[in-house]
Amino acid sequence: MKINDKGHLEIGGCDTISLAQRFGTPLYVMDDTQIRDACRRYVSAIRQYGNGMVLYAGKAFTNIAMCKLIQQEGLGLDVVSGGELYTAMKAEFPPERIYMHGNNKSYEELRMAVEYGIERVVIDSFHEVELLEQLARNYDKNIGVSVRVKPGIDAHTHHYIKTGQQDSKFGFGIEDGQIYRIIEYILTQPHLELKGLHCHIGSQIFETDPYIETAQIMLELMWDINDTHGLNMDEIDFGGGFGIRYVEEDNPLAPEDYIDALTDGIKAYCDNNARQYPRILIEPGRSIAGPAGITLYMVGAIKHIPDVRTYVSVDGGMADNPRPALYQAKYSAMIANKADKPAECTVSIAGKCCESGDMLIWDIDLPKVEAGDILAVFDTGAYNYSMASNYNRLPIPAVVLVKDGRAELMVSRQSYDDLISHDCIPSWL
Ligand SMILES: Cc1ncc(COP(=O)(O)O)c(C=O)c1O
Ligand SMILES: N[C@@H](CCCC[NH3+])C(=O)O
């Protein structure tokens, strides 16, 4: 991103004001180069380790074009629902690079997975084992599975986005022995092939220690299970969670710093225990899509409440970005058409939904703000479009991909007709 000679913010060689005029607002803009750069850094860090794969966590931001881009960069894909899998199938994403998660996969979702022949189903319940074995038998196929583990790590992040601790709906505990029971159960199923273990300790994590601690726990567990049952599982999936900078006080590490610390930790622990290095997987989502995206809004009503604050309302809000309302997430922003102007006021950015909690940013310093200005909110590439809703019947904005001065749609804007296209009228009305 840079500021051009008109004083406008530019992304991927495109003037954001021209993008707003051409595609309308609110508008999600994704930078092709930045997505690819993050992919390459993870791929190269895993290549250095020697035996592993990077799976992009599709939940962060998925559509057909994104699947194609991810595939071009040589990553695999982690999907968590029939909808994400369907998108991957329509993008012709290679099934042998797809892993499927989820704490409550339905029969139909598992059926799609089996029929498409995906590489791995990550088992998250006893119920799922029954469904999957039944499906595999019907399709006369063997299915590669791994098992989601709760490593008991309490990562320092928002309560709603941490997942590795004992009290979590995801996975099987070690301390309570559940993991050993599910493993025994899987081993009695003729069509399920146990390949490895999976974990994910949370999201927006800034430290490497939780990953290193997790690695030791997962290695011990895998060796223990292998020794007990005479198995040779060798795959550990460490999930994602690598943090990004939304605001200045966030201090994330570079992709290679997270991965190098993790892989150094793995190697040292294996060496100390005279064991072979495992094949590893990682599942970054936010750190691939997040920093590559911005959202453009048009400023509308401005309400100055003397001695209290100034509310600057924009034409989107919690429907296109629910993160501030859900997690008190913080964002940075600028007036894209005044990118070269100094800050001169402190304002709060309000969304247009009928909720007092629909605030995108509290207390941000900006140049003089006027109706018609274009506000660019940064780092909105992950968990914004993918978590968008039609609350207040707001159409979901378009997503544009930019690269070297070119801008093309990845997802078109919903129309009002799209909004009513599923409405039905019961006969007695
Ligand atoms: C199982 C799993 N893998 C990967 C991710 C991606 O996490 P992040 O976007 O923080 O990298 C998540 C989400 O937190 C997840 O639940
Ligand atoms: N959706 C969350 C992260 C959790 C992702 C899935 N485990 C966010 O916006 O930060």
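This is a short talk about one helix, one small sheet and the surroundings of a ligand.

Okay, hi everyone. One thing up front: what you see here is a predicted model.

Let's start with helix α4, which runs over residues 82-90. Which of its residues are buried? Those are E84, L85 and A88. They span an arc of only 100 degrees around the axis, which means they sit on the same side of α4. Now turn to the face pointing away from that buried side: there you find the exposed residues G83 and K90.

So what covers the buried residues of α4? The cover includes two helices, α3 (64-72) and α5 (107-116), along with the strands β6 (76-79) and β7 (98-100). And have a look just past the helix: α4 is followed by E92, which has a positive phi, near 55 degrees.

Next up, the sheet. A quick reminder: strands in a sheet pair through backbone hydrogen bonds, and they can do that parallel or antiparallel. Here we have an open sheet of three strands, ordered β1-β2-β3, and the pairing is antiparallel. β1 (2-3) and β3 (14-15) are at the edges with a single partner strand each, so each has one side without a neighbour in the sheet. If you zoom in on β1 and β2 (residues 9-11), you'll see two bridges between them. K2, for instance, has E10 in β2 as its bridge partner.

Last stop, ligand 1. There are 17 residues around it, and the ones that come nearest are A57, S203, G240, G285 and R286. How does that shell divide by residue type? Five residues are nonpolar, nine are polar and three are charged.

That's my tour, thanks!

How values were computed:
Residues numbered from 1 in each chain as written. Chains lettered and ligands numbered in written order. Predicted model: local features only at pLDDT ≥ 70, side-chain atom pairs only at ≥ 80, totals over all residues. Buried ≥ 20, exposed ≤ 12 C-beta atoms within 10 Å, placed from the backbone. Helix = DSSP H or I, 4+ residues; strand = E, 2+ residues; numbered from the N terminus. Arc of directions from axis to C-beta. Contact = placed C-beta atoms within 7 Å. Near = placed C-beta within 6 Å. Nonpolar A, V, L, I, M, F, W, Y, C, P; charged D, E, K, R; others polar. Pairing = 2+ DSSP bridges.
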